[in-house]
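Hi everyone, thanks for coming. I'd like to walk you through a structure that may be new to you, so please have a look at it first.

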Amino acid sequence: MKIAILMGSDKDMNVMQPASDVLTDMGVEHEVHVMSAHRNPEAVSSFARAARDNGFGAIICGAGKAAHLAGAVAALTTIPVIGVPIAAGALKGIDALYATVQMPTGIPVATVAIDSAANAAYLAASILSLHDEAVAGRLATYRQSWTS
Ligand code: RP5
């Protein structure tokens with residue numbers, strides 16, 4: 001299975017790059033796409049609806065300000081969605097955090113801390129590790145590398 005990394009603007013790339021770096025380190029196949037819930041709603045809808053059939057095991061969504069991307073994706077798929085609130089604009093990510101985390105019952109978004117794209121990737125790798133022993137092994141090795 002692979003992971004999708006979506007973000008609402010190309011300006012989010014610097015915050016989201018660590019997610020791609022972590023997944024590369026963990027040997028996890030992934031795709032990175034810029035698509036906005038507001039500017040490209042039909043592309044977001046198509047991607048989310050097809051995600052399970054296209055072999056994705058989880059979708060990481062980073063967005064700032066009125067951060068609806070993760071919620072919009074979660075509304076259209078039952079695979080795990082991980083939200084990364086991004087510190088963009090005057091409210092420095094508090095707006096995006098609230099928008100991402102406050103989902104209605106039945107449509108969850110697993111929300112990590114503001115700008116914590118790396119943790120989103122570790123969580124995504126953990127999800128894949130349930131059925132992928134190689135990824136499970138790399139996660140275990142990583143944990144051992146900083147606890148010893
Ligand atoms: C959000 O608004 C994006 O995720 C980005 O973080 C923020 C600002 O995007 P731009 O309008 O600067 O492209 O949708």
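**A cavity and the sheet beside it**

Before anything else, please keep in mind that this is a predicted model. Let's begin with empty space: a search of the whole structure turns up 1 cavity of 30 Å³ or more. How much space lies in the largest cavity? About 30 Å³.

Which residues line the largest cavity? They are Cys61, Gly62, Ala63, Ala67, Leu69, Ala70, Gly83, Val84, Pro85 and Thr100. Two or more residues of that lining come from each of S3, helix H3 (69–74) and S4. By character, the lining splits into 7 nonpolar residues and 3 polar ones, with no charged residue.

Now, S3 and S4 bring us to the sheet. It is an open sheet of 5 strands, and reading across, the order is S2-S1-S3-S4-S5, with parallel pairing. Which strands sit at the edges? Those are strand S2 (30–34) and strand S5 (110–111), and each of them pairs on one side only.

As general background, strands of a sheet pair through backbone hydrogen bonds, and the pairing can be parallel or antiparallel.

Let's zoom in on one pair. Strand S1, residues 2–7, runs parallel to strand S3, residues 56–64, and 6 bridges join the two. For a landmark along that pair, find Lys2, which stands opposite Phe56 in S3.

Finally, there is a helix to look at. Helix H4, residues 94–101, packs on the sheet and touches S3, strand S4 (81–86) and S5. The direction of H4 makes about 160 degrees with that of S4.

Thanks for listening, everyone!

Notes:
Residues are numbered from 1 along each chain as its sequence is written. This is a predicted model: local features need pLDDT of at least 70, side-chain atom pairs count only at pLDDT 80 or more; totals for chains, interfaces and linings use all residues. Side-chain values use heavy atoms; hydrogens and water are left out. Two strands pair if DSSP finds at least two bridges between them. Helices (H or I, at least four residues) and strands (E, at least two) are DSSP runs, numbered from the N terminus. Contact means heavy atoms within 4.5 Å. Axes are lines fitted to C-alpha atoms, for helices over the stretch in contact, and angles run from 0 to 180 degrees between N-to-C directions. On a 1 Å grid over the protein atoms alone, a cavity is a set of points where a 1.4 Å probe fits but cannot get out, and a pocket is an open set with protein on both sides within 12 Å along at least five of seven lines; lining residues have an atom within 4 Å of a point. Grid points are joined across faces, edges and corners, and a volume is the space filled by probe spheres set on the points. Ala, Val, Leu, Ile, Met, Phe, Trp, Tyr, Cys and Pro count as nonpolar, Asp, Glu, Lys and Arg as charged, and the others, Gly among them, as polar.
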